[in-house]
2 protein chains.
Amino acid sequence: MENQRIRYLQHPPAFVSFAAVGGFEEGQGPLGGRFDHLDNTDRFGQPSWERAEGEMGRQCLNIALKKADLSPSSLSVLYAGDLQNQCVSSSGGLFSFGIPYMGLYGACSTCTEGLMSLALFLSEGGQSKEPILGAAVTTSHNCAAERQFRQPIEYGGQRPPSAQWTATAAGAFVLTSGKGEVRITEVCPGKIVDGEMTDATNMGAAMAPAAADTIRTYMREKGVSASSFDAIVTGDLGAVGSSLLCELLSEDGIDIRANHIDCGLCLYDRQTQDVHSGASGCGCSASVLATKFLPAILKRELNDILFLSTGALMSTSSVQQGEHIFGIAPLIRLQSGA
Amino acid sequence: MENQRIRYLQHPPAFVSFAAVGGFEEGQGPLGGRFDHLDNTDRFGQPSWERAEGEMGRQCLNIALKKADLSPSSLSVLYAGDLQNQCVSSSGGLFSFGIPYMGLYGACSTCTEGLMSLALFLSEGGQSKEPILGAAVTTSHNCAAERQFRQPIEYGGQRPPSAQWTATAAGAFVLTSGKGEVRITEVCPGKIVDGEMTDATNMGAAMAPAAADTIRTYMREKGVSASSFDAIVTGDLGAVGSSLLCELLSEDGIDIRANHIDCGLCLYDRQTQDVHSGASGCGCSASVLATKFLPAILKRELNDILFLSTGALMSTSSVQQGEHIFGIAPLIRLQSGA
């Protein structure tokens with residue numbers, strides 16, 4: 001018999017604070033006014049794009065800690081990851097906090113993977129007398145990612161309509177094993193799904209089958225439908241991947257169209273910004289969670305959502321060697337109420 | 001006040017089975033006879049070194065599952081990571097098992113990071129009626145790593161005496177939230193430590209300060225000395241890093257010389273094999289744990305050990321940009337007895 005994939009957390013942890021930091025394009029988008037900090041130069045005062053990404057993550061966690069008046073030493077753990085080779089943005093940007101560190105690689109699914117890992121850590125320690133605290137941070141930088149995975153932006157290569165715009169953005173989340181107004185109540189790790197894609201400029205199509213797999217599994221295990229939730233939020237499928245996800249699920253009799261929202265379609269205005277199929281990158285779902293969904297849950301405009309960041313598991317070498325681009329989509333359930 | 005860094009697991013999980021797979025050099029070393037499978041071609045039947053690494057990990061987990069007569073679908077989670085950009089060895093090699101997947105990046109510390117993450121996951125779920133199962137897998141491949149981080153081996157570049165030999169090896173571990181003869185009782189995440197190293201051919205020196213930090217913190221928090229344990233095992237400091245670790249700790253009045261063992265000095269015979277300062281790579285500590293330390297605990301030759309894999313957090317870009325190579329050393333405590 002197959003195992004249950006959903007984990008019902010013993011001691012559901014709660015959000016203490018969160019922050020989002022972004023660059024120029026993010027400031028121009030519909031959520032621009034809700035970012036905690038924007039740097040219109042995308043440089044964050046640094047000499048390289050790689051360093052800029054690390055600095056953006058550092059600033060973002062710093063803001064989240066300040067909002068809650070917490071010092072780094074009060075945190076028991078920090079989960080982080082990014083798209084740079086060997087995740088050097090996270091280690092280089094966050095080492096100065098001195099928080100016990102767990103590095104993750106989940107591609108653009110890292111925001112949810114980090115929150116899931118942190119939720120499991122805090123729930124495990126949830127029986128201790130004093131609440132314990134931890135953080136999850138995720139970043140991506142357009143210029144660092146594009147030159148690593150595809151071409152340096154200075155080259156000006158033409159992108160196909162299915163391509164997405166890697167967000168220059170960071171999200172930081174501080175959680176407690178104690179009480180709070182937004183809790184992570186369930187987690188559901190993703191499976192690696194092979195959609196047999198090899199085109200590195202069509203990430204949406206590579207990730208949609210993984211999102212469909214997780215949503216289908218979740219609905220069937222619980223015996224619920226999409227209408228049980230205020231929203232079903234995916235990370236960065238973009239226009240191409242979102243329509244593919246809905247199509248794949250409808251083949252199984254699951255209709256999420258009425259309450260599906262993709263972060264990749266929230267961050268930019270596709271009519272006025274040159275982002276093709278939408279936003280992508282680890283920082284996309286992280287910053288949209290911090291600027292749009294968590295504030296909406298705090299205001300009780302939303303009370304119960306499923307949140308799945310979506311990742312494409314590939315490297316420059318694996319694409320050049322003709323390997324398939326796998327997808328993965330971990331899920332967390334966010335609920336209002338202490 | 002600073003938080004306690006040691007986590008005392010609520011429901012210490014236990015090992016169910018484990019396996020190690022290696023290549024030619026690993027077969028020539030002192031532990032060669034204890035590997036579950038060796039491929040003297042290092043190719044594992046694959047057309048590229050990158051694919052060979054993935055296949056090695058697949059074979060290794062397959063052997064560990066077979067030893068315990070378990071099907072992949074009985075596992076609730078799989079933690080994995082490697083050294084290839086975007087950890088494509090793990091995702092490409094392990095996707096076919098269909099086990100819910102959590103990708104890690106901890107460089108050569110990934111074996112301990114994976115076991116720690118898995119232990120937290122199983123401990124969190126340890127209150128469920130039926131025991132839950134999970135696995136952790138780590139791989140490294142000499143030829144894939146060398147051409148990615150330094151030079152293709154065909155180039156024949158000369159290596160300095162401080163350089164280490166990236167192991168072509170995999171380790172796979174299956175754990176349960178139920179009973180067993182070897183348990184993980186405590187975990188202690190590592191902090192990112194900046195030893196101000198920039199030399200990518202001296203990883204031992206980059207990682208030793210992180211190992212010293214974790215051991216120092218652990219000893220002080222518990223108020224114990226090195227003699228409280230049967231062994232203090234580090235991952236892949238090699239000869240240079242090991243002597244540096246002992247020196248750093250002796251400055252703090254901590255003497256681990258009598259029971260310190262480095263996996264990087266166990267895997268090969270430095271007198272007869274051309275490995276300079278010793279072994280390295282994610283697969284080093286993973287395969288030495290599976291071939292040397294876990295068997296010794298099962299035989300009760302050892303009953304209580306501290307196990308710290310050591311990682312150097314860097315990428316080709318970060319080294320070329322002159323960034324520091326950070327170290328990290330997560331720790332787990334392994335004890336015999338159900």
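Which helices and strands of chain B each supply at least two residues of the lining of the largest pocket? In this predicted model, they are helix 1 (24-28), helix 5 (142-149), strand 7 (165-166) and helix 6 (203-222) of chain B. The pocket in question holds about 580 Å³ of space, and of the 38 residues that line it, E146(B), R150(B), R159(B), Q164(B) and T166(B) are the closest to its centre. Helix 5 of chain B makes the greatest contribution to this lining, with 4 residues, and the lining as a whole divides into 17 nonpolar, 13 polar and 8 charged residues.

Chain A brings us to the second largest pocket, whose volume is about 500 Å³. Of its 31 lining residues, those closest to the centre are E146(A), R150(A), R159(A), Q164(A) and T166(A). Helix 5 and strand 7 (165-166) of chain A each supply at least two residues of this lining, and helix 5 of chain A gives the most, with 4 residues. By residue class, the lining of the second largest pocket comprises 15 nonpolar, 12 polar and 4 charged residues.

From the pockets we turn to the interface between the chains, where 59 residues from chain A and 59 residues from chain B take part in the contact. The area buried between chain A and chain B is about 5000 Å², and carbon and sulfur atoms give 56% of it. Polar interactions are also found across this interface: the count is 20 residue pairs in polar contact, both residues being at pLDDT 80 or more. On the side of chain A that touches chain B, at least two residues each come from helix 2 (49-67), helix 3 (88-94), strand 5 (101-103), helix 4 (110-124), helix 5 (142-149) and strand 16 (325-328) of chain A. Helix 4 of chain A supplies the largest share, 7 residues, and that side of chain A divides into 25 nonpolar, 23 polar and 11 charged residues. As for salt bridges, 2 are found across the interface, one of them joining R51(A) to E323(B), with the closest N and O atoms 2.8 Å apart.

The last feature to follow is enclosed space, with 8 cavities of 30 Å³ or more counted in the model. The largest cavity contains about 70 Å³ of space, and its lining draws on both chains, including Y79(A), M102(A) and F121(A) as well as Y79(B), L104(B) and F121(B). Helix 4 of chain A and helix 4 (110-124) of chain B are the elements that give two or more residues to this lining, which consists of 9 nonpolar and 2 polar residues, with no charged ones.

Terms used. Residues are numbered from 1 along each chain as its sequence is written. Chains are lettered from A and ligands numbered from 1 in the order in which they are written. This is a predicted model: local features need pLDDT of at least 70, side-chain atom pairs count only at pLDDT 80 or more; totals for chains, interfaces and linings use all residues. Side-chain values use heavy atoms; hydrogens and water are left out. Contact means heavy atoms within 4.5 Å. Buried area is the accessible area (1.4 Å probe) that two parts lose on being put together, summed over both. A salt bridge is a side-chain nitrogen of Lys or Arg within 4 Å of a carboxyl oxygen of Asp or Glu. A polar contact is a pair of N or O atoms within 3.5 Å; within protein, one must be able to donate a hydrogen and the other to accept it, and residues adjacent in sequence count only if both atoms are side-chain atoms. Ala, Val, Leu, Ile, Met, Phe, Trp, Tyr, Cys and Pro count as nonpolar, Asp, Glu, Lys and Arg as charged, and the others, Gly among them, as polar. On a 1 Å grid over the protein atoms alone, a cavity is a set of points where a 1.4 Å probe fits but cannot get out, and a pocket is an open set with protein on both sides within 12 Å along at least five of seven lines; lining residues have an atom within 4 Å of a point. Grid points are joined across faces, edges and corners, and a volume is the space filled by probe spheres set on the points.
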